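Reader: I'm new to this one and would love a close look at a single part of it. Could you pick a spot on the inside and work outwards from there?

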Amino acid sequence: MPIQQKVAFYTLGCKLNFSETSTIARGFQDKGFTRVDFSEKADIYVINTCSVTDNADKRFKTIVKSALKQNDQAFLIAIGCYAQLKPEELAKVDGVDLVLGATEKFNVTDYINDLSKNDKGEVHSCEISDANFYEGSYSIGDRTRAFLKVQDGCDYKCTYCTIPLARGISRSDTLENVLQNAKEISERGIKEIVLTGVNIGDYGKGEFGNKKHEHTFFELVQALEDVVGIHRLRISSIEPNLLKDKTIDFVANSKTFVPHFHIPLQSGSDDLLKRMKRRYLSNTYTNRVRQIKETMPNACIGVDVIVGFPGETDAHFLETYNYLNELDISYLHVFTYSERPNTEAVLMDQVVPKNVRHKRSKMLRGLSVKKRRAFYESQLGNDLIVLFENENKEGYIHGFTENYVKVKTPWNPELVNTLHPIKLREIDEDGIVKFDFVKQPDFVA
């Protein structure tokens with residue numbers, strides 16, 4: 001095989017997928033491949049798929065076409081959740097040569113014998129029950145923050161979700177390996193690490209190949225606090241029933257964990273939470289938000305919510321809308337319910353018409369804009385720390401404060417991946433916050 005063959009990657013979906021793509025890409029580079037941008041001509045294109053929403057499935061074909069426009073003889077590989085759930089379906093897409101399931105994707109280079117185009121995609125996909133071992137991963141080089149995977153799979157049986165079918169049982173990285181990965185990330189000069197997984201609050205389960213909790217998520221948080229060289233640690237999505245008071249209290253007093261939580265709600269109606277088989281009711285969620293705000297008044301709290309779930313009446317939706325409107329949260333991630341094969345929900349009655357789903361989604365997205373604006377306004381005049389990103393966006397460099405306020409200042413490449421104390425000044429017309437440096441950097445005019 002020629003040494004300098006080029007490989008490009010495209011990632012759909014969550015932070016976990018980004019961490020895994022980055023690890024798989026390093027595997028290619030270790031074998032002598034050169035990584036290029038997906039918009040460039042490559043010999044191999046790897047698409048890491050997602051199956052959380054119907055839209056992610058549809059986007060796959062569009063991405064395949066864009067790759068083939070760059071090189072119609074390129075070897076196309078599909079990996080990820082959709083590749084595990086519907087391998088034969090992906091294999092039939094014109095141009096796809098190889099489809100790898102949940103356990104096979106980390107050994108992708110082993111499946112490449114030659115790069116000849118196939119008439120139909122070749123499938124290597126395990127039974128999901130075989131996905132019972134853990135593969136650690138983290139993303140570097142793509143952004144100024146790294147996504148560090150600490151857990152995979154899920155034992156929950158939410159009625160709308162295909163993730164357990166796509167990723168298997170809940171299992172965790174060893175604490176020793178997580179700490180080693182965190183150390184490697186910090187040694188590369190990356191200032192922020194985002195902890196990620198399918199159900200990170202379940203961390204510890206499966207750490208040694210069994211169901212015993214040798215370590216807990218709280219113990220993981222405590223141990224990461226002591227890793228030298230990490231400036232910021234951010235907890236990504238965590239279930240409300242698994243976010244404990246002691247973890248909230250620890251973050252409130254931490255020197256590295258930032259005051260930002262993303263907590264899935266899915267519905268403000270207890271009737272629907274039961275129908276979804278969530279493991280909490282709205283009262284638990286209310287208590288989590290209250291505890292965070294009491295210990296960290298300036299904390300940012302993001303919320304996942306699903307609209308249009310079977311059985312969601314107008315009254316249920318208004319219950320959710322009013323609940324979120326009154327709750328002290330900062331923004332919403334709104335998902336319009338879409339039917340997923342092999343889930344309980346797909347067989348449920350009282351199906352909500354798609355036009356109603358989209359109308360409700362639009363209302364909640366509008367509420368999210370209002371919530372984010374109110375949160376940003378509450379932060380004006382505060383002294384915070386910004387970490388700058390690495391893109392020039394229309395003459396500005398953007399960054400995020402520790403509590404996830406997005407800010408901007410005129411582009412200066414020397415600011416990339418640096419931390420600075422700032423005072424938030426005003427919200428610009430695009431919704432991004434302008435600020436003043438508290439201590440002017442030497443290299444900023």
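Author: Happy to. Let's begin with helix 7, where Phe217, Phe218, Leu220, Val221, Ala223, Leu224 and Glu225 are buried (buried means under 20% relative accessible area, exposed over 50%, partly exposed in between, with a 1.4 Å probe and protein chains only). Keep in mind that this is a predicted model, where local features need pLDDT of at least 70, side-chain atom pairs count only at pLDDT 80 or more, and totals for chains, interfaces and linings use all residues. Residues are numbered from 1 along each chain as its sequence is written, and side-chain values use heavy atoms, leaving out hydrogens and water. As for the element names, helices (H or I, at least four residues) and strands (E, at least two) are DSSP runs, numbered from the N terminus.

Back to helix 7, which spans residues 217–225: seven of its nine residues are buried, so the rest of the structure largely encloses this helix. What does the covering? The buried residues of helix 7 have a cover that includes helix 6 (175–187), strand 10 (192–196), strand 11 (232–235) and helix 8. Let's take two of those covers in turn.

Helix 6 first. Its axis and that of helix 7 come within 10 Å and cross at roughly 35 degrees (axes are lines fitted to C-alpha atoms, for helices over the stretch in contact, and angles run from 0 to 180 degrees between N-to-C directions). The crossing of helix 6 with helix 7 is right-handed, as the near helix is turned clockwise from the far one by less than a right angle; anticlockwise would be left-handed. From helix 6, Leu175, Val178, Leu179 and Ala182 meet Leu220, Ala223 and Leu224 of helix 7 (contact means heavy atoms within 4.5 Å). Sorted by class, this contact of helix 6 with helix 7 has seven nonpolar, no polar and no charged residues. For the classes, Ala, Val, Leu, Ile, Met, Phe, Trp, Tyr, Cys and Pro count as nonpolar, Asp, Glu, Lys and Arg as charged, and the others, Gly among them, as polar.

Now helix 8, another part of the cover over helix 7. Helix 8 (residues 245–252) has a helix partner of its own: its axis and that of helix 10 (residues 282–295) come within 9 Å and cross at roughly 25 degrees. That makes the two helices roughly parallel (angles under 35 degrees count as roughly parallel, over 145 as roughly antiparallel, 65 to 115 as roughly perpendicular and the rest as oblique). Helix 8 and helix 10 also make a right-handed crossing. Here Asp245, Ile248, Asp249 and Ala252 of helix 8 meet Arg288, Gln291, Ile292 and Thr295 of helix 10. This contact divides into three nonpolar, two polar and three charged residues.

One residue of helix 10 deserves a stop of its own: Ile292. Ile292 is buried, with a relative accessible area of 0%. Its C-alpha lies 8.2 Å from that of Ala252, although 40 residues separate them in sequence. Leaving aside residues up to four places away in sequence, Ile292 touches Leu243, Ile248, Phe261, Ile263, Pro297, Ala299 and Ile301.

Some of those contacts lead into a sheet, as Phe261 and Ile263 fall in strand 12 (260–266), and Ile301 belongs to strand 13 (residues 300–307). What order do the strands take? The open sheet has three strands in the order 12-13-14, with parallel pairing (two strands pair if DSSP finds at least two bridges between them). Strand 12 and strand 14 (331–336) stand at the edges with a single partner strand each, so one side of each has no neighbour in the sheet. On average, neighbouring strands here are turned by 20 degrees against each other, direction ignored. Strand 13 and strand 14 share six bridges in the parallel sense, and Val303 has Leu332 in strand 14 as its bridge partner. Helix 11 (residues 314–326) lies across strand 12, strand 13 and strand 14, running at about 175 degrees to strand 13.

So much for the walk outwards from helix 7, with its seven buried residues.
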